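Hi,

Here is the structure I said I would pass on to you. Have a look at it first, and then read my notes below.

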Amino acid sequence: MLRHRFLLVVNSAQGHINPAFQFAKRLASLGAHVTLSTTLNIHRRITNKPTLHTLSFLPFSDGYDEGFTATGVDDYSVYAAELKRLGSEFVTNLIASSAEEGNPFTCVVYTPLLPWAAEVARGFHLPTALLLVQPATVMDIFYYYFHGYGDYINGKTKEPSGLIELPGLPLMLAPRDVPSYLVGSNPSAYSSMVSLFEEQFRVLDEETNPTILVNTFEALEPEALRAVDKFNMISIGPLIPSALLDGKDHCDTSFGADIFLPSNGYVEWLDSKAEKTVVYVSFGSWCVLSKVQMEEIARALLDCGCLFLWVIREKEKEEELSCREELGKRGKIVKWCSQLEVLSHPSLGCFVTHCGWNSTMESLVCGVPVVAFPQWADQKTNAKLVEDVWKIGVRVDHRVNEERLVQRDEIRRCLEAVMGSGEKGEELRRNAIKWKGLAREAVEESGSSEKNLRAFLSVAGA
C-alpha cells in the first residue's frame with residue numbers, strides 16, 4: 001500500500017489547515033504515505049500535530065518566517081509573489097530529490113490559491129488534485145464569474161433587487177449572497193484576491209477534467225457538484241475527526257492543527273449547564289469585529305438572557321466592552337477553544353458563527369442550529385445555504401444600518417428564534433439533526449464520501 005505517496009501543499013490559514021490535516025489522516029489510514037507542506041511560520045505555531053508513521057511534515061519558507069502582516073492594499077500581492085517563488089522552488093526540489101532517492105511522489109494535492117503547486121507537478125508529469133476547502137457552490141460561482149458571467153453578475157449586483165441565476169445551481173442569489181471578493185463595496189481592496197482566484201482557474205483550465213476534492217458530501221450539494229461539466233468534483237467530506245463523525249478511531253478527537261492555544265476552564269463551565277441552554281459565539285481565526293459591532297452582540301446576548309460562551313481573540317479587546325461586568329455574570333469569554341469540543345457538548349443550543357466553511361461543516365456534523373453572521377469571502381454564500389437550502393439557521397444581516405452594522409434587536413430576534421420553543425426553533429433543530437445523520441452516513445463504509453475517497457486513491461496514488 002505504501003506505493004501511494006502524496007505531497008499535500010497547504011495554504012497557511014486555519015481554514016485550509018484543518019481540513020487538509022484531516023484529509024492527510026484519512027489517506028494515511030487507507031495505507032498511503034503523505035508529506036504535508038505548509039509555511040514554516042505556521043508549522044512552528046502548530047503544537048498538536050498528529051503523529052502517524054505514514055504522515056510526515058516538511059515546511060518551507062515563504063520569506064516571512066516570523067509572520068506576514070499586511071499594511072496596505074497591495075501587500076498581499078507582494079506576499080503571494082514571494083510565496084509562489086519560494087514555494088515553487090521548494091516543491092520542485094522536493095519532488096526531484098524524492099524521485100532520486102527511490103521514493104517518488106505519485107500525486108500532488110494542493111489547497112486553493114496555490115496553483116503554482118499544480119504547475120510544478122505538471123512539469124514532472126505528476127497527477128494533481130485541488131483540495132477545495134469551500135463548498136462546491138462557491139467553486140461554481142467563481143467558475144462562472146471567470147467564464148463569461150462576470151459582467152452579468154456585476155450588473156445584477158448593482159440592481160436594488162437583482163437576482164442571479166447560474167447554470168446548474170438550484171438557488172437564486174441576491175447580491176449579498178455572492179462571495180464578497182466579487183462584489184465588494186471596495187473593489188480595490190479585493191483586487192489582489194480576485195487576481196489569485198483568476199490564476200487558480202487559469203491553471204485548472206489548462207487541464208482536461210481536473211480533479212477537485214470537495215469538503216462536502218453528496219446529499220448536501222448534489223446539483224452543485226455537477227454544475228460545471230469541465231470539473232471532476234468529488235465529494236469526500238465532512239473532513240472532521242473520526243471520533244466525532246464515524247467513530248472508527250476514538251483517539252482522533254481533534255484536527256491536530258491549532259495555531260492558537262486554547263483557554264482553560266470552558267469545558268468545566270459547559271459541564272455545569274443544562275442541555276441545549278448555551279449559545280456559542282465565535283467568528284473564527286481571521287475575522288476581527290469592530291468594537292461597535294461587538295457591543296451590539298454583547299447587548300443582544302444580555303437582552304435575550306441566554307447563557308453564552310464567547311470567543312474573543314486578543315485582537316478584539318474584550319476589556320473595552322462597556323458591559324464587560326454584566327457579561328461575566330451570564331456567560332464565559334475565552335480567547336480560544338476547541339470548537340469541536342464545544343459544538344459536540346450537550347449544553348450547546350446554538351452557534352453564532354461567521355459561516356466559515358469549516359465552522360459550517362462542524363455545526364452540521366454536531367447537529368447544532370446556527371445564527372448566521374457572515375462577514376466576507378465565501379461566508380455570504382454559506383449563510384445563504386444555511387438559511388434557505390439546508391434550513392438549519394437564521395441569518396442576521398437581512399437588516400443592517402447605514403454603517404452596515406447588525407443591531408442588537410435583530411441579533412436578539414435571531415437568537416430567540418433559534419433558542420426558543422416556537423415552531424421556527426423546532427424546525428431548525430429537526431433539520432440540524434437530519435443533516436447530522438446524513439453527514440455520518442456519507443463517511444460510513446458504504447457511504448458516498450468514503451467510496452469516493454477510496455476510488456480517488458486507487459486511481460491517483462497507484
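Let's start with strand β8, which covers residues 278–282. Five of its five residues are buried, so the strand is largely enclosed by the rest of the structure. Do keep in mind that this is a predicted model.

How are the two faces of β8 covered? In a regular strand, the side chains alternate between the two faces of the sheet. Here V278, Y280 and S282 sit on one side, V279 and V281 sit on the other, and all of them are buried.

Next, the neighbours of β8. It runs parallel to strand β9 (residues 307–311), and four bridges join the two. On the β11 side (residues 348–353), the pairing is again parallel, this time over five bridges. Y280 is a handy residue to click on here: it stands opposite L309 in β9, and its bridge partner in β11 is F351. If you trace the chain through β8, helix α9 (residues 291–304) and β9, you will be following a right-handed β-α-β unit.

Now for some empty space. How many cavities of 30 Å³ or more does the structure hold? The answer is one, and the space in this largest cavity comes to about 60 Å³. Its lining is made up of P112, L130, L132, Q134, V138, M139, F142, F197, Q200 and F201. The elements that give two or more residues to that lining are β5 (128–132), α5 (136–157) and α7 (187–205). By type, the lining residues split into eight nonpolar, two polar and no charged.

Helix α5 has another residue you might look at, T137. Is T137 buried or exposed? With a relative accessible area of 3%, T137 counts as buried, because the cut-off for buried is under 20%. Its C-alpha atom is 7.6 Å from that of L169, although the two residues are 32 apart along the chain.

Last stop: N18, which has its place in helix α1 (residues 14–29). N18 is buried too, with a relative accessible area of 8%. Which side chain does the side chain of N18 make a polar contact with? That would be the side chain of Q14, at 2.7 Å.

That's everything I have for now. Have fun looking around!

Cheers

Notes: Residues are numbered from 1 along each chain as its sequence is written. This is a predicted model: local features need pLDDT of at least 70, side-chain atom pairs count only at pLDDT 80 or more; totals for chains, interfaces and linings use all residues. Side-chain values use heavy atoms; hydrogens and water are left out. Buried means under 20% relative accessible area, exposed over 50%, partly exposed in between (1.4 Å probe, protein chains only). A polar contact is a pair of N or O atoms within 3.5 Å; within protein, one must be able to donate a hydrogen and the other to accept it, and residues adjacent in sequence count only if both atoms are side-chain atoms. Two strands pair if DSSP finds at least two bridges between them. A crossover is right-handed if, with the strands pointing away from the viewer, the path from the first strand over the helix to the second runs clockwise. On a 1 Å grid over the protein atoms alone, a cavity is a set of points where a 1.4 Å probe fits but cannot get out, and a pocket is an open set with protein on both sides within 12 Å along at least five of seven lines; lining residues have an atom within 4 Å of a point. Grid points are joined across faces, edges and corners, and a volume is the space filled by probe spheres set on the points. Ala, Val, Leu, Ile, Met, Phe, Trp, Tyr, Cys and Pro count as nonpolar, Asp, Glu, Lys and Arg as charged, and the others, Gly among them, as polar.
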